[in-house]
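Thanks for coming, everyone. Please have a look at the structure on the screen, and then I'll walk you through a few parts of it.

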Amino acid sequence: MSRPPHLGVAPRARIRRDTSSQRPHIEWAESIARDLARFARLPDEALARAELEARLEAFRAALRDSPFHAQRLHAAGLHPGDLRSLEDLRHLPTLDRAELARSWDAVPTLAPENAECVVVKSSGTTGDPVNVVRDRRDCLHMWAGLRFFAERAGVELPSRPRVVLLDALPGGLEYSVRLPILYDGALHRISVLRADARERLERVKPAVIFSDPEGLRWLVEQQGLPAPRLLLSSAQHLSTELRAALGRVVGAPVLNYYATTETGPLAWECLAHTGHFHVMAPDVWVEPGLQEVVVTRLRPSVLPLLRYRPGDAGTVRRDACSCGFQGWTLEGFGGRGACHFLTPAGRAVDAWQLAWVFKHHTLRAFRLTQVEPERFALELAGASEGDTGPLCERLTAALRNLGWERPRVDLRHVAPAVLGTGAKPLPFRALGSG
């Protein structure tokens, strides 16, 4: 199925800079935050399940309107109407990243006149890059989530808060725009690679900083910057060392949340118990009792996701946490597990500091293994021959910057199955692990 002609791939400015069109969605954002807060304190599991199942009616309609889901269920002898309860989900087929990458334009429930949808591409850092169709509310959902995250962290945002997206990737888009949907605030995207990054951050005086761990490492190295009220981290593994350093240098609470480009936010890491990720019901349902993440998105969206497998390990159970959360919690989260490489001098380096290198290249999957103090084995699946030279050069330079004087990278092209089937491969392996 070809892409509908009215969809453009990542027309960045149209969605991100159109501030006036945010105002009709403010009440919706408030309702999203209220529902997340209410479910986080709902002690009655039967009541919580009943409320989630009430959302299945609209979800069934979305499955019927999705060419991909309707055909797939029909081929399996099923119908969207067979989904009457959360327990019924286990009888329906799952969807993995590779299948979504192949069928991305058939999954949405698109109307030809819908001009507010855009297509964004996932980073592909740890698996297949995926084109993801988003409607207007999908693009704005993070700001509804931020209202909720601030409450969970015990942070009161000021009126007209300034929010900074701290970008550590080369070539990142920079802009400053109004943010009516978040208390009439403002949003600034700042690249840490620019010479004036520190000065810009001092001028903005942000209440909230979003970044990945690479951007947060840069923040730790700065001295005397105005302290934000809240730090948010996502996209990669957040090491305990970096979290501790942020606590010493910045002093603001650090809320680490689990999200994918395909699903949006799924869970946030408990501030009292590291490694426990509390599920963001009622927006999503993550199936309990499995050994991997399987998510059905119950929040209305142009992209209905039924039993989607992002490729991350973990088990969900019902939890009454000492932090006050009552709901479902993801434990044993393995998609972005810790890995440390050792320099020849014996210094441990967080391997996830190299993740940005791979975001510049189209890959099916990769695995980087330290096999000797100065030698690394790089396995690539789905990389073009013309892309591997620049990738290896960039990776070698990054290793030198992190403390290796003469790093050697041995490249091997492999089939995707070598790096794992169905699930997202763990991209880094430490010395002595293989």
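Let's start with a sheet. Bear in mind that this is a predicted model. Four strands make up an open sheet, in the order β21-β20-β19-β22, and their pairing is mixed. Which strands stand at the edges? They are β21, residues 408-413, and β22, residues 428-429. Each has a single partner strand, so one side of each has no neighbour in the sheet.

Now take β19 and β20, residues 365-372 and 375-381. They pair in the antiparallel sense, over 7 bridges. One pair to find on screen: Thr369 has Ala377 in β20 as its bridge partner. Helix α12, residues 385-401, packs on this sheet. The helix touches β19, β20 and β21, and its direction makes about 150° with that of β21. As background, strands of a sheet pair through backbone hydrogen bonds, either parallel or antiparallel.

Next, helix α8, residues 197-204. Which of its residues are buried? Ala197, Arg200, Leu201 and Val204 are. These residues cover an arc of only 100° around the axis, so they sit on the same side of α8. The general rule helps here. An α-helix has 3.6 residues a turn, so residues three or four places apart point the same way. What do the buried residues of α8 pack against? Three strands and a helix: β4 (162-167), β5 (175-179), β6 (185-191) and α9 (213-221). Right after α8 comes Lys205, with a positive phi near 50°.

On to a loop. Between β13 (295-297) and β14 (308-309) we find Ser301. Arg307 is in that loop between β13 and β14 too. Buried or exposed? Ser301 has 14% relative accessibility, so it counts as buried. Arg307 is at 8%, so Arg307 counts as buried as well.

Who are their partners? The Ser301 side chain has a polar contact of 2.8 Å with the side chain of Asp138. Beyond its sequence neighbours up to four places away, Ser301 touches Thr109, Asp135 and Asp138. The Arg307 side chain makes a polar contact with the side chain of Glu287, at 2.7 Å. Outside four places in sequence, the contacts of Arg307 include Leu89, Pro93, Leu290 and Val295.

Last stop, the nonpolar cores. The largest has 47 residues, and Leu52 and Tyr258 have the most contacts inside it. Apart from that core lies another, of 40 residues, including Trp28, Ala150, Leu230 and Leu255. In soluble globular proteins, nonpolar side chains tend to be buried together.

Key: Residues numbered from 1 in each chain as written. Predicted model: local features only at pLDDT ≥ 70, side-chain atom pairs only at ≥ 80, totals over all residues. Heavy atoms only, no water. Core = buried A, V, L, I, M, F, W, Y, C linked by side-chain atoms within 4.5 Å. Buried < 20%, exposed > 50% of the residue type's maximum accessible area, 1.4 Å probe, protein only. Helix = DSSP H or I, 4+ residues; strand = E, 2+ residues; numbered from the N terminus. Polar contact = N/O pair within 3.5 Å; in protein donor to acceptor, adjacent residues only side chain to side chain. Contact = heavy atoms within 4.5 Å. Pairing = 2+ DSSP bridges. Axes fitted to C-alpha atoms, helices over the stretch in contact; angles between N-to-C directions. Arc of directions from axis to C-beta.
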